[in-house]
Amino acid sequence: MYGFEALTFNIHGGYLEAIVRGYRSGLLTAADYNNLCQCETLDDIKMHLSATEYGPYLQNEPSPLHTTTIVEKCTLKLVDEYKHMLTQATEPLSTFLEYITYGHMIDNVVLIVTGTLHERDVQELLEKCHPLGMFDSIATLAVAQNMRELYRLVLVDTPLAPYFSECITSEDLDDMNIEIMRNTLYKAYLEDFYRFCQKIGGATAEIMSDLLSFEADRRAVNISINSIGTELTRDDRRKLYSNFGLLYPYGHEELAVCEDIDQVRGAMEKYPPYQAIFSKLSYGESQILDKAFYEEEVKRLCLAFEQQFHYGVFFAYMRLREQEIRNLMWISECVAQNQKSRVHDSVVFIF
Amino acid sequence: MDTYLILIDSLSSALRQGWLELASARHSMGASRVNSALFDLKSHHASTTLQVENAGMDIELPCFRLSKWASSDGPEKGAKLQEDELLQNKCDSPRLEHHEVQDTRDEGGVSSVTPNNHARKERFKSLSMFGTLVSPKLRATQLSFETALETLVEISNVRASLLRAYDQVQKDLNTTK
């Protein structure tokens with residue numbers, strides 16, 4: 001019953017909620033980002049990060065550093081924190097935490113399948129996979145020729161199995177089929193996660209439905225923009241949108257027929273939460289749309305911490321850390337390429 | 001000489017722009033979607049080739065010509081030939097109207113040299129190794145590097161004519177002595 005979580009939440013979730021709130025206090029602040037943005041070299045970035053919680057992960061890295069090394073080590077910290085929480089969690093929190101990683105699992109599956117299609121070495125592909133999305137039989141993905149084999153040989157024993165029912169065909173895997181597979185899987189995953197949160201109920205359902213709806217809407221916008229001028233038909237585009245969210249169903253109908261960014265803007269400006277996002281863009285521009293969406297997402301994720309006794313804080317923390325890692329990646333790239341004037345193009349401050 | 005220096009400068013800025021846009025595309029799409037492990041190692045035709053002309057007849061002034069989007073055939077060949085003719089004109093007149101090309105690109109968002117469906121399809125095909133639904137940032141990256149390649153070919157032609165002029169002056173000086 002909503003509003004009575006305070007009576008029972010702490011029995012099983014109190015310790016981990018305290019842990020995740022402690023982790024949250026370790027997120028980089030605006031002062032940290034200002035220091036990082038003034039660095040001249042990647043070694044300077046390493047030196048500034050050594051005073052943060054990333055210090056132990058970067059201290060043994062030899063110079064010269066590479067931007068991918070910084071991202072890799074920062075991601076390892078996130079993975080360690082996640083594993084600590086997962087090992088301590090009981091149901092239903094443990095299932096909730098596992099749901100958070102299914103998106104990375106989908107990305108890894110698509111990476112392996114695409115790389116194999118391009119005749120790349122499996123070991124090389126495994127090194128590029130996100131650690132949060134790894135599972136035991138992932139290397140076996142390389143032997144599948146079509147989606148039916150993909151499902152039968154590997155994915156049937158993974159958490160992604162239920163999401164395959166909508167995209168199993170015997171067609172050989174090619175670039176378009178893989179893209180449709182990726183988006184269909186992600187759509188099914190988001191809908192399943194949404195239903196799971198609704199089943200938990202209470203504050204978790206309320207907060208997570210807002211966060212997942214935003215995610216679904218953002219995906220719909222990105223799919224619409226990215227498919228402009230491609231061979232993806234309107235019907236196929238519509239099928240990739242999730243069946244929930246603020247834009248469902250009327251916004252999706254309009255987005256499905258958009259032929260350029262201005263039509264997308266026209267469809268989105270009818271929804272007040274997204275009107276503010278698109279008002280930041282000039283007509284015909286889409287370059288800063290990602291940053292505008294990230295800023296809105298960060299705002300919503302931070303608000304999740306304002307309430308207690310719900311699982312949304314775990315989801316919010318993971319997403320905020322991922323945003324922080326994206327920020328560090330961007331700052332490192334600008335420093336490495338000697339383009340510090342562009343560093344504020346994509347950095348999203350969390351605090 | 002001015003043209004040469006302007007071209008070098010525009011090559012440098014096109015490459016800088018391209019690399020930053022690539023980082024921006026990685027930031028937007030995620031590192032798992034934009035990385036070197038996705039490059040296609042299957043054998044396929046080069047989408048763009050470099051042709052050296054006049055190599056046999058006048059080896060002192062080779063003419064470099066870019067033949068873009070050469071992997072398709074059929075009706076698109078007409079569009080490709082039209083594009084090649086435009087590039088040929090650039091080769092024949094080494095004096096580059098750099099700012100005009102830049103302005104035209106800025107107006108339409110794409111290079112004025114390839115404003116047709118064939119080039120667009122071939123561009124999408126080249127990017128398909130990263131997926132068929134890629135961010136506009138990755139497409140902008142592709143255009144930047146395409147511009148850099150065209151500039152590189154123009155630099156080669158201008159350099160060839162500079163070297164020829166230098167050789168001619170040296171020859172005349174030796175003859176005078």
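A nonpolar core is here a set of buried Ala, Val, Leu, Ile, Met, Phe, Trp, Tyr and Cys residues joined through side-chain atoms within 4.5 Å. With that in mind, and remembering that the model on screen is predicted, begin with the interior.

**Stop one: the cores.** Select A:Phe96, A:Phe193 and A:Phe314, which have the most contacts inside the largest nonpolar core, a set of 106 residues. Apart from that core lies another, of 26 residues, and by selecting A:Val221, A:Ile225, A:Leu255 and B:Leu133, which are among its members, you will see that residues of chain A and chain B both belong to it. In soluble globular proteins, nonpolar side chains tend to be buried together.

Return now to A:Phe96 and display its surroundings: leaving aside residues up to four places away in sequence, A:Phe96 touches A:Phe193, A:Phe196, A:Cys197, A:Ile200, A:Thr204, A:Met208, A:Tyr311, A:Gly312, A:Phe314 and A:Phe315.

**Stop two: the interface.** Show both chains and colour the contacting residues, of which there are 40 in chain A and 31 in chain B. Between the two chains an area of about 3200 Å² is buried, and carbon and sulfur atoms give 54% of it. Select A:His118, A:Arg120 and A:Asn226 next, since this trio supplies 18% of the area that chain A buries against chain B, more than any other three residues.

For the charged pairs, look across the interface, where the rule finds 2 salt bridges; in one of them B:Arg33 pairs with A:Glu179, with the closest N and O atoms 3.4 Å apart. Polar contacts between chain A and chain B amount to 14 residue pairs, both residues being at pLDDT 80 or more. To see what chain A presents here, select α7 (93-117), α8 (122-128), α10 (175-200), α11 (202-226), α16 (289-304) and α17 (312-336), the elements of chain A that give two or more residues to the side touching chain B. The residues on that side of chain A comprise 13 nonpolar, 15 polar and 12 charged.

**Stop three: chain B alone.** Hide chain A and trace chain B, whose 5 helices and 2 strands follow the pattern α-β-β-α-α-α-α along the sequence. Of its 177 residues, 42% are buried. Among contacts in chain B with a separation of 6 or more, 66% join residues 24 or more positions apart.

**Last stop: A:Gly3.** Bring chain A back and select A:Gly3, which lies in the segment before α1 (5-12). Is A:Gly3 buried or exposed? A:Gly3 counts as exposed because its relative accessibility is 54%, the cut-off being over 50%. Finally, add A:Ala203: although 200 residues separate A:Gly3 from A:Ala203 along the chain, their C-alpha atoms are 7.4 Å apart.

Definitions and conventions. Residues numbered from 1 in each chain as written. Chains lettered and ligands numbered in written order. Predicted model: local features only at pLDDT ≥ 70, side-chain atom pairs only at ≥ 80, totals over all residues. Heavy atoms only, no water. Contact = heavy atoms within 4.5 Å. Buried area = accessible area lost by both parts, 1.4 Å probe. Salt bridge = Lys/Arg side-chain N within 4 Å of Asp/Glu carboxyl O. Polar contact = N/O pair within 3.5 Å; in protein donor to acceptor, adjacent residues only side chain to side chain. Helix = DSSP H or I, 4+ residues; strand = E, 2+ residues; numbered from the N terminus. Nonpolar A, V, L, I, M, F, W, Y, C, P; charged D, E, K, R; others polar. Buried < 20%, exposed > 50% of the residue type's maximum accessible area, 1.4 Å probe, protein only.
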